[in-house]
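Me: I have a structure open here and would like to go through the reasoning behind its labels. Could you take my questions one by one?

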Amino acid sequence: QVQLVESGGGLVQPGGSLRLSCAASGSIFRINGMNWYRQAPGKQRELVAHILSGGTTHYDDAVKGRFTISRDNAKNMVYLQMNSLKPEDTAVYYCHADIETFQGRYDFWGQGTQVTVSS
């Protein structure tokens, strides 16, 4: 079994920063792309940032220049550094990964972590 566990969410004032972490564990052969999604109340889940195993990144325009995605392949971790946070960044943030296990290649999701930006 493979699990993704997020941490680092919380309440922060506008302009503040948070760092999200996601740890992958279990019967992992290789982790390909790793992503952060978010879902605000009443809205669809959206891709925030993506990073390939080699380090290539992609960001949604709404977070470009403020958020940074990174990964530690040795530790099976992915991070999201969020700076200059805005109220519209408030959402549940989900970690997602494309993982090759010894049984096959699957998509895995974390349970989500709440980020609230409010004064």
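Me: What makes Gly-42 worth a look in the hairpin of β4 and β5?

Reply: Its backbone angle: Gly-42 takes a positive phi near 75°. The hairpin has 6 residues between its two strands. Please keep in mind that this is a predicted model.

Me: How do you know that β4 and β5 pair, and in which sense?

Reply: Two strands pair if at least two bridges are found between them. β4 and β5 have 5 bridges, in the antiparallel sense, so they meet that condition. For a place to look, Arg-38 stands opposite Glu-46 in β5.

Me: What else does β4 pair with, and over how many bridges?

Reply: With β9, over 9 bridges and again antiparallel. Ile-31 is a handy marker here, as it stands opposite Ile-99 in β9.

Me: Why is strand β4 called mostly covered?

Reply: A residue is buried when its relative accessible area is under 20%. In β4, which spans residues 28-39, 9 of the 12 residues are buried. For the chain as a whole, 44% of the 119 residues count as buried.

Me: Let's move to β5. Why is Val-48 called buried or exposed?

Reply: Val-48 has a relative accessibility of 1%, and buried means under 20%, so Val-48 counts as buried. This residue is found in strand β5, residues 46-51.

Me: Which residues are in contact with Val-48, leaving aside its neighbours within four places in sequence?

Reply: Among them are Trp-36, Tyr-37 and Arg-38, then His-58, Tyr-59 and Asp-60, and also Phe-67, Leu-80 and Tyr-93. A contact here means heavy atoms within 4.5 Å. As for Ala-62, its C-alpha is 8.2 Å from that of Val-48, with the two positions 14 residues apart in sequence terms.

Me: And Val-2, why does that one get the label buried or exposed?

Reply: Its relative accessibility is 12%. The cut-off for buried is under 20%, so Val-2 counts as buried. Val-2 lies in strand β1, residues 2-7. Beyond its neighbours within four places in sequence, its contacts include Ser-25, Gly-26, Ile-28, Ile-99 and Phe-108. Ser-27 is a contact as well; Val-2 and Ser-27 are 25 residues apart in sequence and 6.0 Å apart in space, C-alpha to C-alpha.

Me: What makes the side chains of strand β11 an alternating set?

Reply: Thr-113, Val-115 and Val-117 point to one face and are buried. Gln-114 and Thr-116 point to the other face and are not buried. In a regular strand the side chains alternate between the two faces of the sheet.

Me: Which strands pair with β11, and how do you know that they do?

Reply: Two partners can be named. Strand β2, residues 10-12, runs parallel to β11 and is joined to it by 3 bridges. Strand β9, residues 91-101, pairs with β11 in the antiparallel sense, also over 3 bridges. The condition is at least two bridges, so both pairs qualify. Val-12 stands opposite Val-117 in β11, and Val-92 stands opposite Gln-114.

Me: Back to phi angles. What makes Asn-76 and Ser-84 stand out?

Reply: Each has a positive phi in a residue other than glycine: near 55° for Asn-76 and near 50° for Ser-84. Asn-76 is in the loop between β7 and β8, and Ser-84 is in the loop between β8 and β9.

Me: Why are Asn-76 and Ser-84 called partly exposed?

Reply: Partly exposed lies between buried, under 20%, and exposed, over 50%. Asn-76 has 23% relative accessibility, so the label fits. Ser-84 has 40%, so partly exposed applies there too.

Me: How do you know that the radius of gyration agrees with a compact globule?

Reply: A compact globule of 119 residues would have a radius of gyration near 14 Å, and the chain has 14 Å, so the two agree. The C-alpha atoms fill a box of roughly 45 × 25 × 25 Å along the principal axes.

Me: Last one: how many helices and strands does the chain have?

Reply: It has 0 helices and 11 strands. Of the contacts with a separation of 6 or more, 54% come from residues 24 or more positions apart.

Definitions and conventions
Residues numbered from 1 in each chain as written. Predicted model: local features only at pLDDT ≥ 70, side-chain atom pairs only at ≥ 80, totals over all residues. Heavy atoms only, no water. Helix = DSSP H or I, 4+ residues; strand = E, 2+ residues; numbered from the N terminus. Buried < 20%, exposed > 50% of the residue type's maximum accessible area, 1.4 Å probe, protein only. Rg over C-alpha atoms; globule rule 2.2 N^0.38 Å.
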